[in-house]
Amino acid sequence: VHINGEMQSSFIDSRAVLDIINIVSKYPSVHLSLHSPDEGYAFNFEPDESMDRTWGLRNARVMQITEEAIQITTKILVFYDHLTDAAQMLPKELTDAFYQKIADRANFYVTDQGKTVQFAHRGVSKLSSIRSVQKMMNLSDDEICVFGDDVNDLEMISYYKHSVAMGNGADASVDRNVARACRRAQSQKSKRRFAQRISLLN
């Protein structure tokens, strides 16, 4: 989270990071990326030129998976191919291993209809990050609007009454639970009020 021009980071427990790397190593075709502050990335494969565009790697710090990279990991992604072009769901045995060995040490979500696993520090979520900024800016819950389309958005979508499921709620790209939470959270009156507020930004 950027607060007052400074990045505040929460690092995933390094032992959990090592265990995630070891679990993934049993699946040679599954890719993994460690993310660190200031656009740092470490991959378990050699990224190609196509990722300069889809990942924005041209201006990023791309490094090897080293002890240093493990110590400063704020986020981990597990995926096939280059992530954005993945068509195959991750193996159930892999996600089961994460549930059994990692769930009590890091927050993680199976997203993109089973094609991606995302890890963060145990106490970090989109909701906790928004709440930190909200407190700093002295904003009420009614002044916050959140957008989301997958299970890692569900906590914040459910918490704030001004919540929007991106895209068409019936679209396969929008998690059903997220769309349902948004329908529950918003009355017709609040939807109209929200649409009016958004129009003022144009």
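**Reading a six-stranded sheet**

Q: Is β8 mostly covered or not, and how many of its residues are buried?

A: Buried means under 20% relative accessible area, exposed over 50%, and partly exposed in between (1.4 Å probe, protein chains only). β8 is mostly covered, with five of its six residues buried. This is a predicted model: local features need pLDDT of at least 70, side-chain atom pairs count only at pLDDT 80 or more, and totals for chains, interfaces and linings use all residues. Residues are numbered from 1 along each chain as its sequence is written, and side-chain values use heavy atoms, without hydrogens and water.

Q: What is the order of the strands in the sheet?

A: Strands (E, at least two residues) and helices (H or I, at least four) are DSSP runs, numbered from the N terminus; two strands pair if DSSP finds at least two bridges between them. Here six strands form an open sheet with mixed pairing, in the order β5-β4-β3-β6-β8-β7. β5 (61-63) and β7 (106-111) each have a single partner strand, so one side of each is left without a neighbour in the sheet.

Q: How do β7 and β8 run, and how many bridges join them?

A: They run antiparallel and are joined by six bridges. F108 stands opposite F119 in β8. The two strands form a hairpin with four residues between them, and D112 in the turn has a positive phi of about 50°.

Q: Which strands does helix α4 lie across?

A: Axes are lines fitted to C-alpha atoms, for helices over the stretch in contact (heavy atoms within 4.5 Å), and angles run from 0 to 180 degrees between N-to-C directions. Helix α4 (residues 92-101) lies across β6, β7 and β8, at about 155° to β7.
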